[in-house]
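This briefing asks the reader to examine a protein chain from its backbone to its interior. Please keep the sequence and the structure in view while reading the points that follow.

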Amino acid sequence: MKVDSRCRWPIGLVAAILLVGGAVWTASPAPRVTGARAAAVAASEEVYVPVGQFIMGCSSDTAGAMACALDAQPMHAVYVDAYYIDKTEVSNAQYAACVSAGACMLPLSNSSATRTDYYNNPAYANYPVLQMDWQRAETYCNWVGRRLPTEAEWEKAARGTDLRPFPWGFESPTCDHMNYTTTYLDTQGIPHLSPCVGDTSPVNSYADYPSPYGALNITGNAQEWVRDLYARLYYHTSPYYNPTGPTTTVSGEHLIRGGPWTGTVTHANNWVRHDEADIYHTEYNGFRCARTATGPAPTPTPIPVTPTPHLARDVDSAGDMLWLANDQYLTLITVPELAVGATARITLSHTSLANAQGNLQGISHFFRITADHARDDGSLPAPLKLTLAFDPPYGGVISPTLTLYYLTAGGWTTEGLTTTLHLDASYLTADLAWTGTYAMLGEAQRVYLPLVTRRSTN
Ligand SMILES: [Ca+2]
């Protein structure tokens with residue numbers, strides 16, 4: 001979408017920004033990098049994004065009060081192979097290492113939007129490199145053995161597998177969340193823009209509000225080049241597996257994601273696509289790198305999400321069976337006799353996208369089980385019997401790496417969980433010995449299927 005708000009700022013506001021920016025320089029100087037900073041500066045730490053599906057783009061239903069531009073529609077499912085993406089934007093010092101090595105060209109300018117001495121100034125060594133065109137960004141990434149992320153990789157790294165509009169979730173941004181520009185109405189009701197910082201922040205700032213996979217400043221701060229060419233209607237025809245953008249376009253221009261520090265919530269969110277109109281403001285253009293993951297995946301860790309209760313029922317010591325059902329799936333929990341005390345509230349929950357997720361990577365299924373008369377430590381007199389299975393038409397897609405996790409105060413664990421995979425019949429059974437929250441996670445299959453659960457036949 002076109003972002004031209006930065007051209008509409010009142011003059012007074014620009015002066016205010018300069019003032020704010022100046023205050024930031026003196027209040028929190030970046031660490032100095034002295035001498036030949038070049039070769040000593042390592043490439044960014046990376047975060048791992050597991051294989052699997054996510055939901056890309058926006059819809060007018062889910063965008064809320066924010067704009068959902070036509071080029072970010074329709075909302076659609078995309079499957080991306082596992083990859084690594086830089087935890088942070090590439091910094092001035094990191095880029096300078098490539099320049100010193102003779103592999104990269106200098107940035108298009110030494111200045112940022114408000115700082116005339118930026119790239120060369122050691123005070124900004126840990127700030128995002130700016131004044132990048134696409135080729136400079138890709139060249140740096142290649143130099144460190146990586147590449148620019150595809151647009152799909154960038155968006156999945158920012159939003160994970162739910163519909164969150166911002167990397168940290170659904171909470172509306174404030175200046176605590178990211179470096180962007182807030183809006184407010186004056187006493188006459190006239191809207192004004194108020195940048196949080198007034199220029200870029202260090203690449204490792206806002207660390208309390210990472211994306212679901214741990215990427216920082218993915219929205220806001222510097223806007224970021226991605227690998228794809230920009231086509232306004234690409235989402236209408238993009239492939240399901242690993243989309244890489246159109247092969248040719250009239251302009252031949254790539255696109256930018258994430259919004260700059262001058263962007264409002266309309267421009268600095270997870271789905272906005274910045275087209276040719278935005279890429280020439282190179283004083284806002286930075287990037288981060290990515291690479292396709294090879295070899296065994298790191299041990300996955302469930303992503304905490306808040307499940308929406310779909311069913312809650314009081315069960316007494318006589319036991320009962322609870323399930324969630326629609327035309328295609330059914331989730332079953334059997335509460336054996338004496339599994340709970342006199343009366344226990346059993347809750348079965350799914351995340352909103354649980355049944356639209358096409359694989360078991362990430363939270364596909366979520367249970368919250370409460371029992372009023374559990375023992376003090378949360379344990380149950382007898383374990384609940386959980387059965388999860390794929391619907392027969394999709395039989396055989398259950399993965400041997402499927403794992404059930406239990407959420408403890410110390411994090412997710414599989415310890416003490418008794419789980420049995422019945423691969424021939426595509427179902428899983430487990431004994432749940434405690435009340436609490438459970439999640440499933442495992443290697444994905446390259447098949448787009450809902451995770452289906454149904455009642456065991458025995
Ligand atoms: Ca950014």
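N217 is buried because 30 other C-beta atoms lie within 10 Å, and the cut-off for a buried residue is 20 or more. The model in which N217 appears is predicted. Although N217 is not a glycine, its phi is positive, about 55°. N217 belongs to the loop between β6 (191-195) and β7 (223-229).

**Other notable backbone positions**

- Q131 also has a positive phi, near 60°, in a residue other than glycine.
- The position of Q131 is in the loop between α3 (92-100) and α4 (134-143).
- Q131 is buried because 20 other C-beta atoms lie within 10 Å, and 20 or more are required for that class.
- The peptide bond from Q73 to P74 is cis, and its omega is near -5°.
- P74 lies in the loop between β2 (52-56) and β3 (76-80).

**Helix α5**

- Helix α5 covers residues 151-159, and nine of its nine residues are buried, so the helix is largely enclosed by the rest of the structure.
- The buried residues of α5 include the charged-letter positions E151, E153, E155, K156 and R159.
- Also among the buried residues of α5 are A152, W154, A157 and A158.
- G160 follows α5 and has a positive phi, near 65°.

**Nonpolar cores**

- In soluble globular proteins, nonpolar side chains tend to be buried together.
- The largest nonpolar core has 64 residues, of which I85, L148, A157 and A215 touch the most other members.
- Helix α3 gives the most to this core, contributing five residues.
- A second core, separate from the largest one, has 19 residues, including V315, L404, Y427 and L432.
- Which residues does L148 touch, leaving aside those up to four places away in sequence? They are A137, E138, C141, W225, V226, R227, F287, C289 and A290.
- A157, one of the buried residues of α5, is also one of the members of the largest core that touch the most others.

**The protein as a whole**

- The protein contains five helices and 22 strands.
- Of its 458 residues, 47% are buried.
- Among contacts in the protein with a separation of 6 or more, 77% join residues 24 or more positions apart.

How values were computed:
Residues numbered from 1 in each chain as written. Predicted model: local features only at pLDDT ≥ 70, side-chain atom pairs only at ≥ 80, totals over all residues. Helix = DSSP H or I, 4+ residues; strand = E, 2+ residues; numbered from the N terminus. Buried ≥ 20, exposed ≤ 12 C-beta atoms within 10 Å, placed from the backbone. Core = buried A, V, L, I, M, F, W, Y, C linked by C-beta atoms within 7 Å. Contact = placed C-beta atoms within 7 Å.
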